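Thanks for coming. I will walk through one structure today, starting with the sheet and then moving out to the helices.

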Amino acid sequence: MSRAPSILVVDDDPSVVAWLVEALGEEGFAPEGEVSARAALALLARRRFDVVISDVEMPELRGTELLRAILERDPQQMVLLITAFGSIDLAVEAVRAGAIDFLA
């Protein structure tokens, strides 16, 4: 039996984290959530996830800063950035910084 892909969800809005963790779990993934970019980095220092999904607009670190910090530690880590406030410039910045995709 294969294991479910692990996903770390990072967003400063606890309701968004709870919703995504629940939805991903219902789809057969093994999600965990963090409401702090710094807490996410601490968790990623202890274990690896198949994918990280992070919001862009967060108070401690923007998603693009978190992306760079994650990829500095693990260049192979897949990171998907999401935002409610998307723009073409932000999408280009995210992909250039190493995001596997950007969803507005």
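What follows is a tour of the strands, the helices and a few single residues.

One caution before the tour: this is a predicted model.

Let me begin with the sheet. In what order do the five strands of the open sheet lie? The order is β2-β1-β3-β4-β5, and the pairing is parallel. At the edges are β2, residues 30-34, and β5, residues 101-103, each of which pairs on one side only. From one strand to the next, the twist averages 20°.

Now the pairs in turn. Strand β1 covers residues 6-10 and is joined to β2 by five bridges, with the two strands running parallel. If you want one position to look at, take V10, whose bridge partner in β2 is E34. On the pairing with β3, β1 has four bridges, again in the parallel sense. There, I7 stands opposite V51 of β3. Moving along, β3 and β4 run parallel and are joined by five bridges. In that pair, I53 stands opposite L80 in β4.

Please stay on β3 for a moment. How many of the five residues of β3 are buried? Five of the five are, so the strand is largely enclosed by the rest of the structure. The cover is on both faces: V51, I53 and D55 are buried on one side, and V52 and S54 are buried on the other.

One residue of β1 is also worth a stop, and that is S6. Is S6 buried or exposed? Its relative accessibility is 5%, and the cut-off for buried is under 20%, so S6 counts as buried. Leaving aside residues up to four places away in sequence, S6 touches A30, R47, R48, F49, D50 and V51. For a sense of distance, S6 and R73 are 67 residues apart in sequence, and their C-alpha atoms are 18 Å apart in space. R73 will come up again with the helices.

On to those helices.

The next pair is α2, residues 37-46, and α3, residues 63-73. Their axes come within 11 Å and cross at roughly 15°. An angle under 35 degrees counts as roughly parallel, and α2 and α3 are therefore roughly parallel to each other. The crossing of α2 past α3 is right-handed. Which residues meet in this contact? From α2 they are A37, L41, L44 and A45, and from α3 they are L66, A69, I70 and R73. By class, the residues of the contact are seven nonpolar, no polar and one charged.

Helix α3 has a second partner to show you. With axes 10 Å apart, α3 packs against α4, residues 88-97, at an angle of about 10°. That makes this pair roughly parallel as well. On the α3 side the contact uses T64, L67, R68 and L71, and on the α4 side L90, E93, A94 and A97. This contact has five nonpolar, one polar and two charged residues.

Let me pick out A94, which lies in helix α4. A94 has a relative accessible area of 0% and is buried. Besides T64 and L67, A94 touches L81, A99 and F102, when residues up to four places away in sequence are not counted. Along the chain, A94 and G63 are 31 residues apart, while their C-alpha atoms are separated by 8.5 Å.

The last stop is a loop residue. Where is T83? T83 sits in the loop between β4 and α4. T83 is buried too, with a relative accessible area of 7%. Again without residues up to four places away in sequence, the residues that T83 touches are D55, V56, E57, L90, F102, L103 and A104. Of these, L90 also belongs to the α4 side of the contact with α3, and D55 is one of the buried residues of β3.

To go back over the main points: there is an open sheet of five strands with parallel pairing, and its strand β3 has both faces covered. Helix α3 is roughly parallel to α2 and roughly parallel to α4. The single residues we stopped at were S6, in strand β1, A94, in helix α4, and T83, in the loop between β4 and α4. That is all I have.

Key. Residues numbered from 1 in each chain as written. Predicted model: local features only at pLDDT ≥ 70, side-chain atom pairs only at ≥ 80, totals over all residues. Heavy atoms only, no water. Axes fitted to C-alpha atoms, helices over the stretch in contact; angles between N-to-C directions. Parallel < 35°, antiparallel > 145°, perpendicular 65-115°, else oblique. Left-handed = near helix turned anticlockwise from the far one by under 90°. Contact = heavy atoms within 4.5 Å. Nonpolar A, V, L, I, M, F, W, Y, C, P; charged D, E, K, R; others polar. Pairing = 2+ DSSP bridges. Buried < 20%, exposed > 50% of the residue type's maximum accessible area, 1.4 Å probe, protein only.
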